[in-house]
Amino acid sequence: MKATEQVKRAALNKTMDYLLEDPEPRLTKIMDMLDKVAPANLFPSQRAAFRTAIEQQNNWYQLITRVLDLNPALRDDMLKTFVVDANMMAWSKQEQMRDKYACNIPWAILMDPTSACNLHCTGCWAAEYGHQLNLTLDELDSIIHQGKELGTHVYIYTGGEPLVRKRDLMALCEQHPDCAFLSFTNATLIDEEFCQDMLRVKNFIPAISVEGFEEATDGRRGEGTYAKVGQAMRLLKQHGLPFGVSCCFTSANADSIASEEFFDWMIDQGALFAWIFTYMPVGVDAPVELMVRPEQREHLYRFVREMRGKKPLFTLDFQNDGEFVGGCIAGGRRYLHINAAGDVEPCVFAHYANANIREVSLLDALRSPLFMAYYEGQPFNDNLLRPCPFLENQGVLADMVEATGAHSTDLQKQESARELCDKCTRSVEQWAPVAERIWTDPTDPQYKLRHDPGQGMAETDKHKFERLGRERTAVEAKDENESAA
């Protein structure tokens, strides 16, 4: 780290120390300080939302106080790592690297430490992968070192079940205290020892997979899973440890996930965040019938926005939130995925690659043909409610895979990108008119922002458009009288 960066980091950490000594009366002052030192383009809408939350003491303020009530043995160090190292210091360097190398640089890297999993969930490709493949501790460490050189300080473990390797994962937390680590987990391996490990390393947060209430969870994941998940949550809450929930939104559990009762349950269990992923039929044997219907997805769109105005829970609806992040975030634009065989994939749901981390550097993988196709093509649709190159845009992923000579990285049964895209044809056709209606609806709270072709874009996204001679078409402004009607 350069001397100027060390000075900036020390100043930010000192500011955080000042806040955390007496948080509630100092929150407004701290926002003033952050606005002075943070780049103008560093999450401006999020900073504005926090300021409003503090002033109004609304549900987001309640979420802030829930975070501040975490176990004091880890709270301060964890917040400094996540806020300062993983975001405020990291973002500006990522932006510099994006311009320097004219390619995507990720905010987060997802890695599969192992293909092993102790569950066999319907519709999950990891259940088919077997227990033979692993990234070694040295390989994981090398990826993190390479990522930090590019400004990436967030690492998220996927799988398989990552906690099969929890000893190695905790070792990496200790080796990289300037990084934030998260892990998707089925929670069945969370025990007292794991909680003590979290208190010791202070920079690790689990995201527990939950499919709704018991009938949905046990139906797809196996009898008794729901009870084990509840037991893990109670243990984490008892220790004052941070955790969130990860939900796969399917046609079967749509009513359970998109219910106020479920959100209240998550909050009561102690969850601080909820990540909702729309089901994708990835894998030869993935059941297409689990794909959500357009009316279910539209309900989720409206429901999540309603809950954000009411509940102290940080909720991300990855497919419907594309407009907040400029469309697709895969291909290294904000994240990439490295599987247990070392294949560097553009997306955790797109199992194709032409680079392997055991053969090339992380930067070379980001500049490989498939990743550059993502870079040049994003966003794949000017309607940012249609972000994905296969779930919402017919055949785009297959076109990129075929044009770049990428191969299937499926660890069990090969599925061509064209076959995956064909399975999504009906979904694409059904969602397109719904997305267009919502996108152009003048009564939607986001409507005015959709007039801006730079909506959700970082400065480097705009620089890319200039280099490529590309322009985005924003939604056309409607006459005020028409809007009122």
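## Disulfides and cysteines

Let's start with the cysteines. This is a predicted model, and it holds 0 disulfides. Take Cys-247: it takes part in no disulfide, and the nearest cysteine sulfur belongs to Cys-248, 9.0 Å away. A disulfide needs two cysteine sulfur atoms within 2.5 Å. Cys-247 is also buried, because its relative accessible area is 0% and the cut-off for buried is under 20%.

Now look at Cys-347. Its closest cysteine sulfur is in Cys-388, at 6.5 Å, and that is too far for a bond. Cys-347 counts as buried too, with a relative accessibility of 10%.

## The whole chain

Zoom out, and you can pick out 20 helices and 11 strands in the chain. The radius of gyration is 22 Å, close to the 23 Å that the globule rule gives for 485 residues, so the chain is as compact as a globular protein of that length. If you drew a box around the C-alpha atoms along the principal axes, it would come to roughly 60 × 55 × 50 Å.

How many of the chain's 485 residues count as buried? The share is 61%. Contacts tell you about the fold as well: among those between residues at least 6 apart in sequence, 72% join residues at least 24 apart.

## Surface and charge

What does the chain show to the outside? It exposes about 20,000 Å², and carbon and sulfur atoms supply 52% of that area.

As for charges, the chain has 51 positive and 72 negative ones. Average the positions of each set, and the two mean positions turn out to be 4 Å apart.

## Two loop residues

Here are two residues to find in the structure, starting with Glu-359. You'll spot Glu-359 in the loop between β10 (352-353) and α14 (362-366). Is Glu-359 buried or exposed? Glu-359 counts as exposed, because its relative accessibility is 68% and exposed means over 50%. Along the chain, Glu-359 and Met-1 are 358 residues apart, while their C-alpha atoms are separated by 27 Å.

Next up is Gln-446, which sits in the loop between α18 (425-439) and α19 (459-468). Gln-446 has a relative accessibility of 13%, so it counts as buried. Which residues does Gln-446 touch, not counting those up to four places away in sequence? They are Glu-323, Phe-324 and Gln-455. So of this pair of loop residues, Glu-359 counts as exposed, whereas Gln-446 counts as buried.

Definitions and conventions:
Residues are numbered from 1 along each chain as its sequence is written. This is a predicted model: local features need pLDDT of at least 70, side-chain atom pairs count only at pLDDT 80 or more; totals for chains, interfaces and linings use all residues. Side-chain values use heavy atoms; hydrogens and water are left out. Helices (H or I, at least four residues) and strands (E, at least two) are DSSP runs, numbered from the N terminus. The radius of gyration is taken over C-alpha atoms; the globule rule is 2.2 Å times the number of residues to the power 0.38. Buried means under 20% relative accessible area, exposed over 50%, partly exposed in between (1.4 Å probe, protein chains only). Contact means heavy atoms within 4.5 Å. Accessible areas come from the Shrake-Rupley method with a 1.4 Å probe; for residues, only the protein chains shown count as cover. Lys and Arg count as positive and Asp and Glu as negative; His and the chain ends are not counted. The place of a charge is taken as NZ of Lys, CZ of Arg, CG of Asp or CD of Glu.
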